[in-house]
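User: Could you take me through the pockets of this protein, and the parts of the chain that build them? I would like a close look, in plain words.

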Amino acid sequence: MRYVSTRGQAPVLSFEEAMMTGLARDGGLYVPETIPQMTHAQIAELAGASYEEAAFTIMRPFIGDAFTDDEFRAIIARAYQGFGHDARAPLVQLGANHYLLELFHGPTLAFKDFAMQLIGQLFQASLARSGKKVTIAGATSGDTGSAAIEAFRGLDNVDVFILFPHGRVSEVQRRQMTTPVEDNVHALALDGDFDDCQARVKDMFNHFEFRDAVGLAGVNSINWARVLAQVVYYFTAAVSLGAPHRAVSFTVPTGNFGDIFAGYIAKRMGLPIDQLVVATNQNDILHRALSGQGYVTQGVTPSISPSMDIQVSSNFERALFDAYDRDGGAVAQLMDELKSDGGFQISQGAMQVLSETFASGRASEEETSATIATQFKTNGEILCPHSAVGVKVASELPTSATPMITLATAHPAKFPDAVEAATGTRPPLPNRMADMYERSERVTRVANDLTAIEALINERRRA
Ligand SMILES: *Cc1c(COP(=O)(O)O)cnc(C)c1O
């Protein structure tokens, strides 16, 4: 299995190389050259399998010869053993034909753990074999950073630096990043918003001298291995509801388009998915783009679902690559326009392709709060604000005989203020992390300045 860049100018890589690299050297994102297919019979066989067995079957064709089957099984087993639920990704029912896929039972209570825990184990296995050391740099709107720090803390060959927007993440998110004591992990509070954090990380990757000197590796949602890990729960959820004999639809609370792109890959592999619905908060660039209004950035307006407060949605580039018939030159041109003009129009042909797969909707702040309140009242279900955006958008769709599965992307206790404001009840942290508020914090405030950030990384990294 070989991986190519969405901008067509970077070297073709193996799975392991693409995972270690993150962003391609031409600024693009790696995607598999071809999408492995699962037959009806192979999908049917997933029924009744454990999450780990399903994960092995679904991901195996993508990793090539990076690991033996035994190694890969062991990696998967270690990745998910710290989850607080045996099913890993359980489904609960919200209404007649509406289900919630709970993706928040991992160690940092958000769906990012599915990918990050796996990536931590993949890196560990790969670096132990090569003896190499890497420096991981990542930007986070809150959940990626905590998941990355949790996945990599204490690992020998890895130093981790996470940039988060100062004052714009929830207290639980911040504490998950600032309380681990291991000296290979560093939480950096940047004076700026998430897009600034993401832009500085991209700058570091495009500064090849620095990139090569520190062995920079990326684990942001642009990393292909993360997308791959997320493909698995689309299969397990669909199969629990009768796939491949029955089609299902998904609504996905979206920011960087990583999670929903995994659903698109599942569909391309042969999983019968009817609709893939992008659900955005008031920062709705994706909803506007998919509604035919062009991909045009506006400022970020902080919301009660901060992990979706994004205006440059990195993984959307992967969808554009396919929509433009895998023309890397065309994608590179759009991304140049985005950089110089703050946006671009999507061609009619590409819009046609995108609208065959994706629908979209948007929930305002008031609608999100009202949805949290209603679900609590009618079902006793406590939603985090991101999941509530998804539930609201799904509930606005025309009724259909196809089951709708909305992804619950975080545990409500990760966003207790918004949940308490809507329901009057403060959701408690699960017992296993109840001492979170007592641990002491370690964080460095940094300016939105590439040179200063690079100097800090050089000074702090152990390698
Ligand atoms: C990251 C995140 C999202 C958005 O996921 P993308 O892959 O960026 O679309 C939604 N909800 C929560 C809780 C998140 O942490």
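Analyst:
**The pockets and their walls**

According to an unreviewed UniProt entry, residues 93-334 carry the annotation "domain: Tryptophan synthase beta chain-like PALP". Happy to walk you through it, with one reminder: this is a predicted model. Across residues 93-334 the chain is 45% helix and 19% strand, and the C-alpha atoms at the two ends of that stretch are 41 Å apart.

Let's start with the largest pocket, which has a volume of about 630 Å³. Its lining consists of 29 residues, and the closest to the centre are Ala199, Lys202, Val312, Leu338 and Lys339. Three elements give two or more residues to this lining: α8 (194-206), α13 (316-323) and α14 (328-341). Of these, α8 gives the most, with 7 residues. If you are wondering about the chemistry of this wall, the lining of the largest pocket divides into 10 nonpolar, 10 polar and 9 charged residues.

Now for the second largest pocket, which holds about 490 Å³ of space. Here 22 residues form the lining, and Glu17, Met20, Thr21, Lys132 and Leu216 lie nearest the centre. The elements that each supply at least two lining residues are α1 (15-21), α5 (112-130), α9 (208-214) and β8 (216-217). This time α1 gives the most, with 4 residues. By class, the lining of the second largest pocket has 10 nonpolar, 5 polar and 7 charged residues.

One of those elements, α5, deserves a further look. Besides supplying at least two residues to the lining of the second largest pocket, α5 packs against another helix, α6 (residues 143-152): their axes come within 9 Å and cross at roughly 35 degrees. The crossing of α5 past α6 is right-handed.

If you want to find this contact on your screen, look on the α5 side for Lys112, Asp113, Met116, Gln117, Ile119, Gly120 and Phe123. On the α6 side, the residues they meet are Asp143, Thr144, Ala147, Ala148, Glu150, Ala151 and Phe152. Taken together, the α5 and α6 contact has 7 nonpolar, 3 polar and 4 charged residues.

To put the picture together: α8 gives the most to the lining of the largest pocket, while α1 does so for the second largest. Meanwhile α5 supplies part of the second lining and also meets α6.

Terms used. Residues are numbered from 1 along each chain as its sequence is written. This is a predicted model: local features need pLDDT of at least 70, side-chain atom pairs count only at pLDDT 80 or more; totals for chains, interfaces and linings use all residues. Side-chain values use heavy atoms; hydrogens and water are left out. On a 1 Å grid over the protein atoms alone, a cavity is a set of points where a 1.4 Å probe fits but cannot get out, and a pocket is an open set with protein on both sides within 12 Å along at least five of seven lines; lining residues have an atom within 4 Å of a point. Grid points are joined across faces, edges and corners, and a volume is the space filled by probe spheres set on the points. Ala, Val, Leu, Ile, Met, Phe, Trp, Tyr, Cys and Pro count as nonpolar, Asp, Glu, Lys and Arg as charged, and the others, Gly among them, as polar. Axes are lines fitted to C-alpha atoms, for helices over the stretch in contact, and angles run from 0 to 180 degrees between N-to-C directions. A crossing is left-handed if the near helix is turned anticlockwise from the far one by less than a right angle, and right-handed if clockwise. Contact means heavy atoms within 4.5 Å. UniProt positions are given in the numbering used here, feature names are shortened, and annotations may be inferred rather than shown by experiment.
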